[in-house]
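Visitor: Please take me through one part of this model closely, the packing around a single helix, and then set that part within the rest of the chain.

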Amino acid sequence: MPGVRAARRLQPYLFFYPSLVLVAGVSFVPLFYALRQSFHAADYLKTGAFVGLANYIELVAHAGGLADVGRSIAFVAGTLALTLPLGIGLALLLDRPVRYRGFFRTLLMVPWIVSQLVTGLIWLWLYDGRLGPISHLLSQAGVDIVGPLTDTRWAMPSLIVANTWHSYPLVMVFTLAALQTIPGEVREAARIDAQSAWRRFWHVTLPLIRGTVLVALVLTTLHTFNTVTTVLIMTGGGPAGATDVLALRVFKEGFQFYRMEVAATAAVCIFALNIVFSLVYIRVLRGEHA
């Protein structure tokens with residue numbers, strides 16, 4: 001019967017659309033609200049008069065928006081510079097038939113399971129100027145520093161190391177999954193033809209997993225650019241604003257200074273930068289498959 005056939009065709013969509021509406025509501029309603037708020041004055045959550053680009057000018061001219069973007073990019077670049085080699089290197093090791101491989105895979109996944117709050121508290125203790133082992137090791141090495149998080153030169157690198165510890169498992173898992181899709185005959189041919197392990201990796205393995213590595217790269221970029229909790233717990237943006245990234249600016253403007261319109265403006269800027277990162281990734285990935 002036509003009615004029964006039509007009902008059967010519609011049935012998958014009846015299960016699909018409620019979740020789609022929920023995701024769209026959670027994702028796009030706050031986005032449109034923030035976009036609207038960024039062009040209006042506000043009395044905390046109460047939207048006021050239309051002010052055009054005044055909030056964006058305020059963010060750039062007085063709220064340190066451009067400096068926050070620069071620190072955010074430095075935070076992302078530093079994290080990627082450590083996370084990618086570490087994640088790929090560990091994946092290459094775990095892809096080998098080593099003993100207790102399952103145990104090591106589980107152990108190395110722990111940092112990703114731990115929340116940003118716990119990550120911040122762990123590394124806050126590790127960097128503590130009086131009790132932290134890292135500060136003790138630095139003093140033993142002749143580095144005169146009270147605490148890495150209280151020094152403007154060391155605060156951002158210290159934050160990058162902590163975020164790398166939290167982020168590398170994502171790259172590791174993606175790379176390990178990609179490595180296991182490489183056919184055995186390709187690996188054997190590479191062993192015969194290539195002169196060294198480095199040449200095998202650079203000329204054979206990396207081209208085969210490059211797309212997956214790019215996916216891990218963009219996900220790590222977006223995750224790091226939106227990181228708030230770890231920065232807030234460890235430094236709060238200090239010392240002297242050395243770690244005041246743009247995502248933390250959203251939190252401060254909204255919940256410390258109660259300037260919701262500036263917070264919404266900074267959030268819109270983060271969204272725009274995330275779109276730029278994603279478009280660059282898509283362009284590179286298309287170029288790889290062209």
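**Helix α7 and its partners**

Guide: In this predicted model, helices α4 and α7 are oblique to each other, a label for any angle that is neither under 35 degrees (roughly parallel), nor over 145 (roughly antiparallel), nor from 65 to 115 (roughly perpendicular). The axes of α4 (residues 101–113) and α7 come within 6 Å and cross at roughly 130°, where an axis is a line fitted to C-alpha atoms over the stretch in contact and the angle, on a scale from 0 to 180 degrees, is taken between N-to-C directions. The crossing of these two helices is left-handed, in the sense that the near helix is turned anticlockwise from the far one by less than a right angle, clockwise being right-handed. On the α4 side the contact (heavy atoms within 4.5 Å) is made by R105, L108, M109, P111 and W112, and α7 answers with W165, H166, S167, Y168, P169, L170, M172, V173 and L176. Sorted by class, these residues of the contact of α4 with α7 are 11 nonpolar, two polar and one charged; Ala, Val, Leu, Ile, Met, Phe, Trp, Tyr, Cys and Pro count as nonpolar, Asp, Glu, Lys and Arg as charged, and the others, Gly among them, as polar.

Before going on, a word on conventions: residues are numbered from 1 along each chain as its sequence is written. Local features need pLDDT of at least 70 and side-chain atom pairs count only at pLDDT 80 or more, while totals for chains, interfaces and linings use all residues, and side-chain values use heavy atoms, with hydrogens and water left out.

A second partner of α7 (residues 155–179) is helix α5 (residues 116–126), whose axis comes within 10 Å of that of α7 and crosses it at roughly 135°. The pair α5 and α7 is therefore oblique as well, but here α5 passes α7 in a right-handed crossing. From α5, residues Q116, T119, I122 and W123 meet V161, A162, W165 and H166 of α7, and the residues of this contact divide into five nonpolar, three polar and no charged. W165 and H166 are listed in the contact with α5 and also in the contact with α4.

Some of these side chains reach into the interior. A nonpolar core is a set of buried Ala, Val, Leu, Ile, Met, Phe, Trp, Tyr and Cys residues joined through side-chain atoms within 4.5 Å, with buried meaning under 20% relative accessible area, exposed over 50% and partly exposed in between, for a 1.4 Å probe and protein chains only. The largest such core has 18 residues, of which L108, M172 and I209 touch the most other members. Two or more residues come from each of α3 (65–94), α7 and α9 (197–225), and the greatest contribution, six residues, is that of α7. Apart from neighbours within four places in sequence, I209 is in contact with T175, A178, L179 and I182. A second core, separate from this one, has 13 residues and includes F75, W123, L149 and L248; W123 is also one of the α5 residues that meet α7.

Turning to the whole chain, there are 12 helices and two strands, these being DSSP runs numbered from the N terminus (H or I over at least four residues for helices, E over at least two for strands). The C-alpha trace spans about 85 × 70 × 35 Å along its principal axes, and of the 290 residues 37% count as buried. Among contacts between residues at least 6 apart in sequence, 66% join residues at least 24 apart.

Away from α7, a few loop residues deserve a careful look. V51, in the loop between β2 (46–50) and α2 (54–61), counts as partly exposed at 33% relative accessibility, and beyond its neighbours within four places in sequence V51 is in contact with F39, H40 and A41. Most residues other than glycine have a negative phi, and most peptide bonds are trans. In the loop between α10 (229–234) and α11 (246–255), which holds P239, a cis peptide bond joins G238 and P239, with omega about -5°. A240, found in the loop between α10 and α11, has a positive phi near 55° and is exposed, with a relative accessible area of 80%. Y258, in the loop between α11 and α12 (260–289), likewise has a phi near 55°, and at 52% relative accessibility Y258 counts as exposed.
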